[in-house]
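Reader: I would like to learn how to read a sheet, a helix face and a loop residue from a model. Please go through them in turn.

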Amino acid sequence: MRALRGLLVLLVVLGGLFVAADRLAVNFAEDKAAEKIRGSLGLAEAPQVSIKGFPFLTQVAGHSLTEVDASLGAIEASAEGHRLRVKELSAQFHDVRLSGDYTSVESAASATGEARIGYDDLTRAAGDGVRISYGGAGGGKSQVKISPDVPVLDSLDVVGTVSTVGGDTIRLRADKLPTLCTAIPGCEDKVRARTDHDWKLGELPAGLKLDKVTTTRDGIAISATGTDVKLTG
């Protein structure tokens, strides 16, 4: 009985040491992966990386990680001198392949993600003389209200739509302008110069594409999906 108890104690101690070593290895790998992703995407700061699954060391032995989650923080999209701040971009990478020498993550079989943008950031990105706010979800579209300052009109509110183009571009468009504006020469061009914009995100991992926009009272949520997503270049 004493020998059995001793064996059980030994197994518990060895198990604890294995878990501790496994967690230390995870922490080290997360830091290395964060630096690799930062350098590959040209980020100002290293992202927060979390490697899922246990035990980690057996996953490494198979050159594949079940899931790696990354929060890339705030990034910016640009268009014609106007910059759009994306408050948060997070992604979940599945079936992540490791390099042959185990020193870095290389690609993921699939990935999902989400980006969030505030109406205040959209307003700043649109430039002077325009304000953008929540417009509801009428007609199944992700709508916003665009209020441009146009000299020929006292006040103007138009319904606009936020969408994605080409997997890496956020598009803002006024859907339809009032008859009064279209009847005044030059009015429509002046309005659309303030309401219609495309902002391209240059810091997305290759293979991860923006695909759906949802407007809420708190801001805009943009989902992303991808296959064979490159984590380092």
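Reader: In what sense do strand 1 and strand 2 pair, and over how many bridges?

Author: First, a caution: this is a predicted model. As a general idea, strands of a sheet pair through backbone hydrogen bonds, either parallel or antiparallel. Here strand 1 and strand 2 (residues 64–71) pair in the antiparallel sense, over five bridges. To find the register, take Ile-51: its bridge partner in strand 2 is Val-68.

Reader: How many bridges link strand 2 and strand 5?

Author: Seven bridges join strand 2 and strand 5, again in the antiparallel sense. Asp-69 has Gln-92 in strand 5 as its bridge partner.

Reader: What is the strand order in the sheet?

Author: The order is 1-2-5-6-13-12, in an open sheet of six strands with antiparallel pairing. Strand 1 (48–52) and strand 12 (208–216) are the edge strands, and each pairs on one side only. On average, neighbouring strands of this sheet are turned by 15° against each other, direction ignored.

Reader: Which strand does strand 12 pair with?

Author: Strand 12 pairs with strand 13 (residues 219–230) over eight bridges, in the antiparallel sense. Leu-210 can serve as a marker: its bridge partner in strand 13 is Ala-224.

Reader: Now the helix. Which residues of helix 5 are buried?

Author: A residue counts as buried under 20% relative accessible area and as exposed over 50%. In helix 5 (residues 187–195), the buried residues are Cys-187, Val-191 and Thr-195. Seen down the helix axis, these residues fall within an arc of 50°, so they line one face of helix 5. Asp-189 and Ala-193, on the other side of helix 5, are exposed.

Reader: What do the buried residues of helix 5 pack against?

Author: They pack against four strands and a helix, which can be listed along the chain: strand 8 (143–148), strand 9 (158–165), strand 10 (169–174), helix 4 (179–183) and strand 11 (197–201).

Reader: Last, the loop residue. Where is Ser-99 found?

Author: Ser-99 is in the loop between strand 5 (88–98) and strand 6 (105–117).

Reader: Is Ser-99 buried or exposed?

Author: Being in a loop does not settle the matter, so check the accessibility against the cut-off for buried, under 20%. Ser-99 has 5% relative accessibility and therefore counts as buried.

Reader: What separates the C-alpha atoms of Ser-99 and Ser-64?

Author: The two C-alpha atoms are separated by 9.2 Å, while Ser-99 and Ser-64 are 35 residues apart along the chain.

Conventions: Residues are numbered from 1 along each chain as its sequence is written. This is a predicted model: local features need pLDDT of at least 70, side-chain atom pairs count only at pLDDT 80 or more; totals for chains, interfaces and linings use all residues. Side-chain values use heavy atoms; hydrogens and water are left out. Two strands pair if DSSP finds at least two bridges between them. Helices (H or I, at least four residues) and strands (E, at least two) are DSSP runs, numbered from the N terminus. Axes are lines fitted to C-alpha atoms, for helices over the stretch in contact, and angles run from 0 to 180 degrees between N-to-C directions. Buried means under 20% relative accessible area, exposed over 50%, partly exposed in between (1.4 Å probe, protein chains only). The arc is that of the directions from the helix axis to the C-beta atoms. Contact means heavy atoms within 4.5 Å.
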